[in-house]
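Here are a few friendly notes to read alongside the structure. Keep the viewer open and find each residue as you go.

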Amino acid sequence: LPHAPGFHARSLAGHLIVWDGGNYLSIAVHGYSWNPAIAATHYQVIAFFPLQALIDRVMLPAGPVAAPVLILLATLGFGIASIFAFESLARMLLPARAVAPSVLCFAFWPASSFQMMGYPTGLISLCVILALTCHLQGRFRRSGIWLGLGTATAATVVFVGAALGLEHALAWLRTGLRPRRFLALVLWSVLALSGILAFMLYQQLAFHDPLAFVKSQAAWGTAPPPLGRLHRLIDPRWYLQQPRAGLREIGKGQALLHQGAVWQGARWIEGGAQRLVNFGAFLVALAGLVMASLTLRKAARVVTWAGWIVLLGYLWFIVSTDQNMLDAPRLLFPAIAIFVGLGLLLTRLPRWASVVAIAVLTVVSFAEMAAAAAGFWVV
């Protein structure tokens, strides 16, 4: 793809660590800062959770050349590890014929490109998958530990913890309201939320505001009052804004290309394509969740609960704001039930359709990586 101006001035690894990856690296180098006076107008690093920044910090002594390479190897390594962890979970939940397509859908979900940009995408996936696996195996303490690590990495993991906590609470109600079981539930909840609780404690001590990370989100897009949010979520026109805007941007980019403005035209086309990918990813994710809900039974239902709670959280906290569905691939992937359901769905399609679907995901993922490598804003 055509490179961004100034691309050759930096190494590929240094160039890839941009956007959110650059914010994690900035935290590793300079620490956190917070200025509430500019919360609505300026992006601030307090919005980003600390575990990835701590990992980046470990890499910094390697030097300015080697450190970015090591950071990318770490984020990619977590991504690869999450694929093997997901395969193990898929074998617990699915018939043998559905495992391979399910794993391929997970591995080539468009969010995989962020593993090449210093994002904690793979780490989040790994924590969520291992938490679900341990829960299904009855190893509840370990599931709480993995959730605690996950909530130190991203707020989305809280929704997964909510699903597992809900199942624990229902089990407590079914087996009798014994105080000892209730105490165990409370302690498990604290363990599962330990990452975000520690982050909030740090913000209270450092900035006298435990919710600074929430308030900083205003810079990414304002939100109407609750009734206005609800209206957006039930209005199909709100969702259709994304593909319509994407097609308009692609048209504008094509016009610029005809005028000889190669980089400017390519940037508009890539931005429009991003909107189409995000809209498509949202629809595919919804199909996967529905399929998983219709098929998985008994103990596996907690996986679908977690998926739906992640989706509902995404709808309320992101889609109902002015961001709409700008970040669908990378914010929906913690809903692991998506890929379980897609594996089941693909087994019911003709083989050629299954191959085409996986090929499309693969091509989109590599196109996203190529765009990131060329300096486009991949979201």
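The points below go through some helices, two loops and the cysteines.

1. Before anything else, please keep in mind that this is a predicted model. Every value in this note was computed from that model.

2. Let us begin with a pair of helices. Two packed helices are described by the angle between their axes and the distance between the axes. Helix α14 covers residues 262-295 and helix α17 covers residues 337-347; their axes come within 7 Å and cross at roughly 75°. Angles of 65 to 115 degrees count as roughly perpendicular, so α14 is roughly perpendicular to α17.

3. Which residues meet where α14 and α17 come together? On the α14 side they are Val-284, Ala-285, Gly-288, Leu-289, Met-291, Ala-292 and Thr-295. On the α17 side you will find Ala-337, Ile-338, Gly-341, Leu-342, Leu-344 and Leu-345. Sorted by class, this contact has ten nonpolar residues, three polar ones and no charged ones.

4. Stay with α17 for a moment. Nine of its eleven residues are buried, so α17 is largely enclosed by the rest of the structure. The buried residues are Ala-337, Ile-338, Phe-339, Val-340, Gly-341, Leu-342, Gly-343, Leu-344 and Leu-346. What covers them includes α4 (66-93), α5 (96-107), α14, α15, α16 and α18 (351-374).

5. Helix α12 (residues 226-234) makes a good exercise in looking at helix faces. An α-helix has 3.6 residues a turn, so residues three or four places apart point the same way. In α12 the buried residues are Arg-229, Arg-232 and Leu-233. They cover an arc of only 95° around the axis, which puts them on the same side of α12. These buried residues pack against α13 (236-258) and α15 (301-319). Leu-227 and Ile-234 are exposed, and they sit on the face turned away from the buried side of α12.

6. Is Leu-312 buried or exposed? This residue belongs to helix α15. Its relative accessibility is 52%, and because exposed means over 50%, Leu-312 counts as exposed. Try locating Phe-159 as well: 153 residues separate it from Leu-312 in sequence, yet the two are 9.0 Å apart in space, C-alpha to C-alpha.

7. Next come two loop residues. Asn-324 lies in the loop between α15 and α16 (328-332), and with a relative accessible area of 1% it is buried. Leaving aside neighbours within four places in sequence, Asn-324 is in contact with Trp-238, Gln-241, Gln-242, Tyr-314, Ile-318 and Val-319.

8. The other one, Ala-300, is found in the loop between α14 and α15. At 11% relative accessibility, Ala-300 counts as buried. Its contacts, again without neighbours within four places in sequence, are Leu-93 and Leu-136. Ala-300 and Gly-260 are 40 residues apart in sequence and 55 Å apart in space, C-alpha to C-alpha.

9. Finally, how many disulfides does the structure hold? The count is zero. Cys-134 is in no disulfide, and its nearest cysteine sulfur, that of Cys-127, is 11 Å away. For comparison, a disulfide needs two cysteine sulfur atoms within 2.5 Å. Cys-134 is buried, with a relative accessible area of 6%. Cys-105 is buried too, at 2%.

Conventions. Residues numbered from 1 in each chain as written. Predicted model: local features only at pLDDT ≥ 70, side-chain atom pairs only at ≥ 80, totals over all residues. Heavy atoms only, no water. Axes fitted to C-alpha atoms, helices over the stretch in contact; angles between N-to-C directions. Helix = DSSP H or I, 4+ residues; strand = E, 2+ residues; numbered from the N terminus. Parallel < 35°, antiparallel > 145°, perpendicular 65-115°, else oblique. Contact = heavy atoms within 4.5 Å. Nonpolar A, V, L, I, M, F, W, Y, C, P; charged D, E, K, R; others polar. Buried < 20%, exposed > 50% of the residue type's maximum accessible area, 1.4 Å probe, protein only. Arc of directions from axis to C-beta.
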